[in-house]
Amino acid sequence: MNGRILIVEDDRSFGLMLQKWFERSGFPATLCSGMVAAQEALSQSEPFQLVLSDLRLPDGDGIMLLSWLNEKRLSVPVIIMTGYGEVQTAVSAIKLGAFDFLEKPINPDILTKKIEAAFEAKRERLAPVEKPRPERKYNKEAKVFVEGQSPLSLQMYTHIDLVAPTQMAVMVIGDSGTGKEHVARLIHTRSNRSAGPFIAVDCGSLSIELAPSELFGHKKGSFTSAIEDKTGFFREAHGGTLFLDEVGNLPYGVQMQLLRSLQEKKVRPVGTSTDLDVDVRIITATNENLEKAIEEGNFREDLYHRLNEFMIRVPSLRECVEDIPSYAAHFREEANRELGREVAVISPDALAVLKNYHWPGNLRELRNVIRRAVLFTRGDIITAESLPLLTTRKEESLPKMDLSLSVEPEEEKERILRALEQVKGNKTKAAILLQIDRKTLYNKMHQYNIGL
C-alpha cells in the first residue's frame, strides 16, 4: 500500500486520527475539512493516489465531490465514508464512480483492505502494455460472468447493490445454471464483510447424520469417525458470509438447529455443552419451490422467513436473449485463455443459433457450448457449423415427465429409470426430461441406488 491520500472530513478529531494512522502506515496524508478545500488540494500539481471522503460535508457532500472529479476528468479512486447507513446514497456514489464505500465507525482492517484494492486497481489501469494482444485482467467478480444489460439483468444488479451493504439475510432463487452462487459472491464482495471469508456449502451433500458436524463443528471423539476436532462451516465463515446452496435439500432435522444458530448467533459443536459466538451473514439459494415444500411438511416455515429477509431472482438465459452475445463473447475469451486458442469472433449465423436455442442449462450450458466450439473450431471464427449439438437439440422433442416428490418412492425410482433409458443414460438430458436440476437427479439416483 503506497501513495498520497487526501482525507476529506469535517470532524477534525476523527480526521486527525485517520491522518496519523495513515502516516504510521508509511505514506503521507493531507486533511481537508470540506469540499472546496478538497477541490483546491486536488487541483495542485502533485497528484493524490486516493481520496477518502465523508459523505456529509459542511459545504457539500461526497456525491458532489465525485461529480466535480468527473467534470475535471481527474482519475483518482474515491472511497466514501458514511455514518448514516444510507444504502441508496452509497449505491449512487458507486454508480457515479466511487471505488467503494464503508460505514462508520471505521474498521481499520476493512479500511486497509479497501485501500489496497483501490491502489491495486489503479496499478492495473496504469500498467504498460508489453504485448500487441495483452491478456485481459479480470477482477474477482468478472472471472465467471459479465454483467448483462437486459432489463431483468439490470433489475437484478440494482437489487444486489441495494442489499449488499446491509446485514439482511438474502435468498437467491432461479433455475439451475443461472449463476446463483455468482450472485451470492457479488453480494459478499460488495458488502462491508468483503475482507472476511466467503464459505459456500452444498446442502444437498449434507446427510442428516453429518450435517450438524459439518455446519457447527464437533469435538474429537464425539462420535465414531470424529478422530479430530472440526471447526464447522459457521465458524469458518466468522466475520464473513455463509452461502447455503440448495437450502431446500437441508435435512429437516437440522433445520431447527440452523434456526437456533441464526436467532442466537451461537453454535454448539457436536459433543460439547458450550455455545460459541458466531458473526456470519447468511445467503441461501434454491431452485425449488420452498413454499410448496412448507405445505408438504419438508421445510420449516419459521426458517424460511428467517432466511428470506430479501429475495433476489436470477433470470433464466431465455429471458435475457439480448445478453447472449456479450456472455458468449466473454466465454469465448475465457476459453481462449484456458485452452490456448485464438478464436477471434462469433459469426452472425452462430449468434442466431445461440439466440434461438432455449438453454435449459442456462449460463452453465452456454459456457460449456462455447468452450467446445472454441476447442473444435479450426479457424478463428465460430460459425453455426461449430454448434452442431444445438441444432440437434433444437429439433429434439422430449416429452416432459413430472417427477413430483409427492409420488411413492417406487414410482419415483421407476420414472428416473425410464427417463435415463429414453435418453440413453445422458444425465443432463434426463434431468431436463424430469424437470429437475442435475444435482437433484444425482441425489435421487444415490438415494435409490441407481448406478452413477
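How do the residues of the lining of the second largest cavity divide into nonpolar, polar and charged? Three are nonpolar, two are polar and four are charged. To see where that lining sits, start with the whole chain. The model is predicted.

The protein chain has 452 residues, and buried residues make up 46% of them. The chain holds 19 helices and 16 strands. Its contacts often reach far along the sequence. Take the contacts between residues at least 6 apart in sequence: 71% of them join residues at least 24 apart. The chain also exposes about 23,300 Å² of surface. Carbon and sulfur atoms supply 50% of that exposed area.

Next, look at the cysteines. A disulfide is a covalent bond between the sulfur atoms of two cysteines. This structure holds zero disulfides. Two cysteines can be placed by their accessibility. Cys 203 has a relative accessible area of 0%, so it is buried. Cys 320 has 3% relative accessibility, so it counts as buried too.

Now go inside. A search of the whole structure finds two cavities of 30 Å³ or more. The largest has a volume of about 150 Å³. Its lining is made of 19 residues. Met 156, Thr 178, Val 314, Tyr 327 and Leu 363 lie nearest its centre. Three elements give two or more residues to this lining: α6 (151–163), α7 (180–189) and α15 (362–376). Helix α6 gives the most, with three residues. By type, the lining divides into 11 nonpolar residues, seven polar and one charged.

The second largest cavity holds about 50 Å³ of space. Its lining includes a run of residues from Asp 100 through Phe 101 and Leu 102 to Glu 103. Strand β7 covers residues 100–103 and gives the most to this lining, with four residues. Lys 114, Pro 165, Arg 190, Ser 191 and Asn 192 also line the cavity. Go back to the opening question with these names in view. The four charged residues of the lining are Asp 100, Glu 103, Lys 114 and Arg 190.

Some single residues deserve a stop. Most residues other than glycine have a negative phi. Which sign does the phi of Arg 73 have? The value is positive, near 55°. Arg 73 sits in the loop between α3 (62–72) and β6 (78–82). Its relative accessible area is 76%, so Arg 73 is exposed.

Asn 362 also has a positive phi, near 55°. Its setting is a helix, α15. Is Asn 362 buried or exposed? Its relative accessibility is 0%, so Asn 362 counts as buried. Recall that α15 is one of the elements lining the largest cavity.

Finally, follow α15 onward. Asp 380 is found in the loop between α15 and β16 (381–382). Asp 380 has 41% relative accessibility, so it counts as partly exposed. Which residues does Asp 380 contact, leaving aside its neighbours within four places in sequence? They are Glu 342, Val 343, Ala 344 and Val 345. Ile 346 can be placed as well. Asp 380 and Ile 346 are 34 residues apart in sequence. In space, they are 8.8 Å apart, C-alpha to C-alpha.

Conventions. Residues numbered from 1 in each chain as written. Predicted model: local features only at pLDDT ≥ 70, side-chain atom pairs only at ≥ 80, totals over all residues. Heavy atoms only, no water. Buried < 20%, exposed > 50% of the residue type's maximum accessible area, 1.4 Å probe, protein only. Contact = heavy atoms within 4.5 Å. Areas by Shrake-Rupley, 256 points an atom, 1.4 Å probe, with all protein chains shown as cover. Disulfide = S-S within 2.5 Å. 1 Å grid on protein atoms, 1.4 Å probe; cavity = no way out; pocket = protein on both sides within 12 Å on 5 of 7 lines; lining within 4 Å. Points joined across faces, edges and corners; volume = space filled by probe spheres on them.
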